[in-house]
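User: I would like to go through the terms used for this model and see what each label rests on.

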Amino acid sequence: MRIDIITIFPEMFDCVFDASIIKRAREKGLVEIRAHNLRDWTTDKHKTTDDTPYGGGGGMIMKPEPIFAAVEAIKGEEEAPVILLTPQGRLFNQTVAEELARHERLIFICGRYEGVDERVREHLVTDEISIGDYVLSGGELAAMVITDAVVRLLPGALGYERAAAEDSHATGLLEGPHYTRPPEFRRWTIPEVLTSGHHARVAQWRRQQALKRTLERRPDLLASAPLSEQDKRWLREMGYNGPFAEDE
Ligand code: 6GU
């Protein structure tokens, strides 16, 4: 996969993409990530990327010409979604991450200032994404969040291949508790089932814990999570009576 990011702050990406899972995925050749400086596609002496809004009012608007030039140069003749990062976009979640991970290329435009010229939205961008209902100073942090969530889904990116499938949200549920050594810490012990060596009982306990945690913290997720009839029986025993998703 190749990810191109268009930004006026390319240096913001250096340490994030040079650590942990993303670094390893890049080293393994699973993903090539490039942060491009939008100013490289300006044509004036001052490398201007923004201007005042027509009609007056405060704030600055990102100019269309450098953004069009950057996307056209970076994209070439290839097919690639051009994604504008903006608080007005569709909400990012694990399903969107999985959708993006299926593309061979992604191009992100990091919005700054009060916004971008509407012609960028209308004639260049194919998708707009927000990472949550709060306002960031620009799309850069959102590009990092989305890149991280997508790259860890690429086959081979995680050491333990089943990990991504078992993550919180990947199952539509939150994960239950995890424990490691020591078995007793300050007189706090671990659930006995985990040392029983009984794999089916461990799997059942984990599933029940995931359901319990989701019910306690994010009951809204239960309405769309894929659940078995057994899951629904356990949830009813815990006091949850629906709604449940239609399928499964
Ligand atoms: Cl993608 N951009 C900005 N500026 N703020 C945000 C956002 C994006 N997502 C949530 N807030």
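Analyst: Domain bounds here come from an automatic or database domain assignment. On that basis the chain is divided into domain 1 (2–151) and domain 2 (168–248). The model is predicted: local features need pLDDT of at least 70, side-chain atom pairs count only at pLDDT 80 or more, and totals for chains, interfaces and linings use all residues. Residues are numbered from 1 along each chain as its sequence is written, and side-chain values use heavy atoms, with hydrogens and water left out.

User: What separates the centres of domain 1 and domain 2?

Analyst: The distance is 37 Å, with the centres taken over C-alpha atoms.

User: How do you know that Cys15 forms no disulfide?

Analyst: A disulfide is a pair of cysteine sulfur atoms within 2.5 Å. The closest cysteine sulfur to that of Cys15 belongs to Cys110 and is 15 Å away, too far for a bond. The search from Cys110 leads back to Cys15, again at 15 Å. The structure therefore holds zero disulfides.

User: What are Cys15 and Cys110 called, buried or exposed?

Analyst: Buried means under 20% relative accessible area, exposed over 50%, and partly exposed in between (1.4 Å probe, protein chains only). Cys15 has 58%, so Cys15 is exposed. Cys110 has 1%, so Cys110 is buried.

User: Why is the contact between Arg105 and Asp4 called a salt bridge?

Analyst: The term requires a side-chain nitrogen of Lys or Arg within 4 Å of a carboxyl oxygen of Asp or Glu. In Arg105 and Asp4 the closest N and O atoms are 2.9 Å apart, and the pair is a salt bridge. Arg105 lies in strand 6 (residues 105–110) and Asp4 in strand 1 (residues 2–7), so the pair ties together parts that are 101 residues apart in sequence. Strands (E, at least two residues) are DSSP runs, numbered from the N terminus. Arg105, at 5% relative accessible area, is buried, and Asp4, at 0%, is buried as well.

User: Which other residue forms a salt bridge with Asp4?

Analyst: Arg2 does, with the closest N and O atoms 2.9 Å apart. Both Asp4 and Arg2 are buried.

User: What makes Glu32 and Arg34 partly exposed?

Analyst: Glu32 has a relative accessibility of 35%, and Arg34 has a relative accessible area of 35%. Each value falls between the two cut-offs, so the label is partly exposed. The two form a salt bridge, with their closest N and O atoms 2.3 Å apart. Elsewhere, salt bridges that share partners join Arg2, Asp4, Glu78 and Arg105 into one network. The structure holds 17 salt bridges.

User: What makes a residue count as being around the ligand?

Analyst: One of its heavy atoms must lie within 4 Å of the ligand. Residues around the ligand include Leu85, Thr86, Pro87, Ile131, Tyr134 and Leu136. Strand 5 (82–91) and strand 8 (127–130) each supply at least two residues of this shell. The largest share, three residues, comes from strand 5.

User: How do you know that the ligand has a polar contact with Tyr134?

Analyst: A polar contact is a pair of N or O atoms within 3.5 Å; within protein, one must be able to donate a hydrogen and the other to accept it, and residues adjacent in sequence count only if both atoms are side-chain atoms. A backbone N or O atom of Tyr134 lies 2.6 Å from a nitrogen atom of the ligand, which meets the cut-off. For a polar backbone atom of Ile131 the distance to a ligand nitrogen is 2.9 Å, and for one of Leu136 it is 3.1 Å.

Technical notes. Helix = DSSP H or I, 4+ residues; strand = E, 2+ residues; numbered from the N terminus.
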